[in-house]
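Student: I would like a close look at one part of this model, set against a short account of the chain as a whole. Please keep to what can be computed from the atoms.

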Amino acid sequence: MNPDRKIHFVASHSEAAVAAMRQLQERYGQSDESDADVIVALGGDGFMLRTLHRFLPAGLPVFGMKLGDVGFLMNRFREDELQLRLNSANVVELNPLCMIAVTEAGGESIALAINEVSLLRQLNQAAHIRILVNGSVKVEELVCDGVLVSTAAGSSAYNLSAQGPILPLGTEALALTPISPFRPRRWRGAVLPTSARIRFEILDCYKRPVSATADAHEIRNVISVDVFEDKQITLKLMFDPDHSLEQRILDEQFL
């Protein structure tokens, strides 16, 4: 028999999530973050992303439970048999994107993204963006509302809304997807290997300012953004055997 896991519970600010956390803590205990070997997150997919970012330095696996409809990154909420579920869960390992953004003021910011890095126009005028892949110019001038780079895990989120392709887990690919492109008219994006390094250069940045966002971390007035998959960082998500993230992403292509 597997020993009981040391659990550290976290919850979103919703009343239902906070109440559920109290019940689970009373039943299973609450290990200190530094002593735990698993994080149980109660909330929605957005809260799961924040939890993964928060506990990334600890390298702990995260098991999410959602109160209500089941999200992509969350398992069903059930108070009973939590230790059994943790011991039988499948672990999915993900590598985040690293974003290096330089602003017009000369500052440099580094942030990680589990779903996507997106660039968006800040004002009413369309953004003009040059796109390079591995140092080679691929799109000289993209006129658009924005552009994004998505991981496979995030390809069914913002990327899908922008008409980008869904990428099954394990494909070792990234989606490069324009957002409301005007020119080039026939370019609708690309699927790139995870080894690719993508660079965005903002043209006419003072007249047409652009912001860059790694998941929820936004940097405004960028002049260049480099994006690549950081294979030295691994995130671990835990799922019930009947709640496969890979299967859910695959099923999205037929809805």
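Student: What does the accessible surface of the protein chain come to, and what percentage of it belongs to carbon and sulfur atoms? After that, please go closely through the open sheet of six strands.

Tutor: The model is predicted. The accessible surface of the protein chain comes to about 12,400 Å², and carbon and sulfur atoms account for 48% of that area. Of the 255 residues in the chain, 49% are buried. The C-alpha trace spans about 60 × 40 × 35 Å along its principal axes. A compact globule with 255 residues would have a radius of gyration near 18 Å, and the 20 Å of this chain agrees with that. Among contacts with a separation of 6 or more, 67% join residues 24 or more positions apart. The secondary structure comes to five helices and 18 strands.

Now the sheet. Its strand order is S7-S6-S17-S14-S9-S10, and the pairing is antiparallel. The edges are strand S7 (108–113) and strand S10 (136–144), each of which pairs on one side only. On average, neighbouring strands of this sheet are turned by 20° against each other, with direction ignored.

Within that order, take the pair S14 and S17. Strand S14 covers residues 198–203 and strand S17 covers residues 222–229; four bridges connect them in the antiparallel sense. One residue pair places the register: Glu-201 has Ser-224 in S17 as its bridge partner.

Phe-200 leads from the sheet to the core. Beyond its neighbours within four places in sequence, Phe-200 is in contact with a set of residues that includes Ile-223, Ser-224, Val-225 and Val-227. Its contacts also include Ile-129, Arg-130 and Ile-131, as well as Leu-119, Val-147, Val-149 and Leu-176. Phe-200 is one of the residues with the most contacts inside the largest nonpolar core, which has 32 residues. Others named with it are Met-99, Val-117, Leu-119, Ile-129, Ile-131 and Val-225. Strand S9 (residues 127–133) gives the most to this core, with four residues. In soluble globular proteins, nonpolar side chains tend to be buried together. Another core, of 28 residues, lies apart from the largest one; Leu-94, Ala-173, Phe-239 and Ile-249 are among its members.

What follows S14 has a backbone detail to check. Asp-204 lies in the loop between S14 and strand S15 (210–214). Its phi is near 55°, a positive value in a residue other than glycine. Asp-204 is partly exposed, with a relative accessible area of 43%.

The loop between strand S12 (173–179) and strand S13 (190–193) holds Pro-184, and Ser-180 lies in that loop too. Ser-180 has a phi near 50°, again positive in a residue other than glycine, and is partly exposed at a relative accessible area of 47%. A cis peptide bond joins Arg-183 and Pro-184, with omega about -5°. Most residues other than glycine have a negative phi, and most peptide bonds are trans.

For an element outside this sheet, consider helix H2 (residues 45–54), where Phe-47, Met-48, Leu-49, Thr-51 and Leu-52 are buried. The buried residues of H2 pack against strands S1 (7–11), S2 (38–42), S3 (62–66) and S18 (235–239).

How values were computed. Residues numbered from 1 in each chain as written. Predicted model: local features only at pLDDT ≥ 70, side-chain atom pairs only at ≥ 80, totals over all residues. Heavy atoms only, no water. Pairing = 2+ DSSP bridges. Helix = DSSP H or I, 4+ residues; strand = E, 2+ residues; numbered from the N terminus. Axes fitted to C-alpha atoms, helices over the stretch in contact; angles between N-to-C directions. Core = buried A, V, L, I, M, F, W, Y, C linked by side-chain atoms within 4.5 Å. Buried < 20%, exposed > 50% of the residue type's maximum accessible area, 1.4 Å probe, protein only. Contact = heavy atoms within 4.5 Å. Rg over C-alpha atoms; globule rule 2.2 N^0.38 Å. Areas by Shrake-Rupley, 256 points an atom, 1.4 Å probe, with all protein chains shown as cover.
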